[in-house]
Amino acid sequence: MRQAAAAVGNRASTARALARAALAAGRRDPPQGLGFTDRAVSRRISALQAAPPPRLWPPAVTVLALGALTALGAGDATGDLLRLLEPVLAWG
């Protein structure tokens, strides 16, 4: 369903088309009012009519990059401290 929405470029029209197809493909004597005998069809239509899910990659990459930079900075600071204290530690 997402592929169809992406190909059409409009989630609302894809949802309407899916609803029409479900109604057209209904059984001769549907047990329910609109012919939606499967709840999955209703869920798909609802999902297509809702806003697309947010993209999580940019914030995740930002957090990982900041964490990596922090770790690299801490490692560099530790190396500088050891080089500073090396004469004192070697003397004792």
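Hi everyone. The protein I brought today has four helices and zero strands. Reading from the N terminus, the order is simply α-α-α-α. Please keep in mind that this is a predicted model.

Two numbers for the whole chain before we zoom in. The protein has 92 residues, and 14% of them count as buried. Now take the contacts whose partners have a separation of 6 or more: 53% of those join residues 24 or more positions apart.

Let's turn to one helix pair. How do helix 2 and helix 3 pack against each other? Helix 2 covers residues 11-24, helix 3 covers residues 39-49, and the angle between them is about 160°, with the axes 8 Å apart. Anything over 145 degrees counts as roughly antiparallel, so helix 2 is roughly antiparallel to helix 3. For those who like handedness, this crossing is left-handed.

Which side chains should you click on to see the contact? From helix 2, pick Arg11, Ala12, Thr14, Ala15, Leu18, Ala19 and Ala22. From helix 3, pick Val41, Arg44, Ile45, Ala47, Leu48 and Gln49. Sorted by class, the contact between the two helices has nine nonpolar residues, two polar ones and two charged ones.

That brings me to the core. In soluble globular proteins, nonpolar side chains tend to be buried together. Here, the largest nonpolar core has seven residues: Ala15, Leu18, Ala19, Ala22, Val41, Ile45 and Leu48. Helix 2 and helix 3 each supply at least two residues of this core. Which helix gives the most? That would be helix 2, with four residues.

If you want one residue to start from, try Ala15. Leaving aside residues up to four places away in sequence, Ala15 touches Ile45, Leu48 and Gln49. Two of those names, Ile45 and Leu48, you have just heard as members of the core.

One last stop, for anyone who enjoys a polar residue: Thr14, which sits in helix 2. Is Thr14 buried or exposed? Its relative accessible area is 8%, and the cut-off for buried is under 20%, so Thr14 counts as buried. Thr14 also belongs to the helix 2 side of the contact we just went through. Across from it, have a look at Ile45: the two residues are 31 residues apart along the chain, yet their C-alpha atoms are separated by 8.4 Å.

That's my tour. Thanks for listening, and I'm happy to rotate the model if anybody would like another look.

Technical notes: Residues are numbered from 1 along each chain as its sequence is written. This is a predicted model: local features need pLDDT of at least 70, side-chain atom pairs count only at pLDDT 80 or more; totals for chains, interfaces and linings use all residues. Side-chain values use heavy atoms; hydrogens and water are left out. Axes are lines fitted to C-alpha atoms, for helices over the stretch in contact, and angles run from 0 to 180 degrees between N-to-C directions. Angles under 35 degrees count as roughly parallel, over 145 as roughly antiparallel, 65 to 115 as roughly perpendicular and the rest as oblique. A crossing is left-handed if the near helix is turned anticlockwise from the far one by less than a right angle, and right-handed if clockwise. Contact means heavy atoms within 4.5 Å. Ala, Val, Leu, Ile, Met, Phe, Trp, Tyr, Cys and Pro count as nonpolar, Asp, Glu, Lys and Arg as charged, and the others, Gly among them, as polar. A nonpolar core is a set of buried Ala, Val, Leu, Ile, Met, Phe, Trp, Tyr and Cys residues joined through side-chain atoms within 4.5 Å. Buried means under 20% relative accessible area, exposed over 50%, partly exposed in between (1.4 Å probe, protein chains only).
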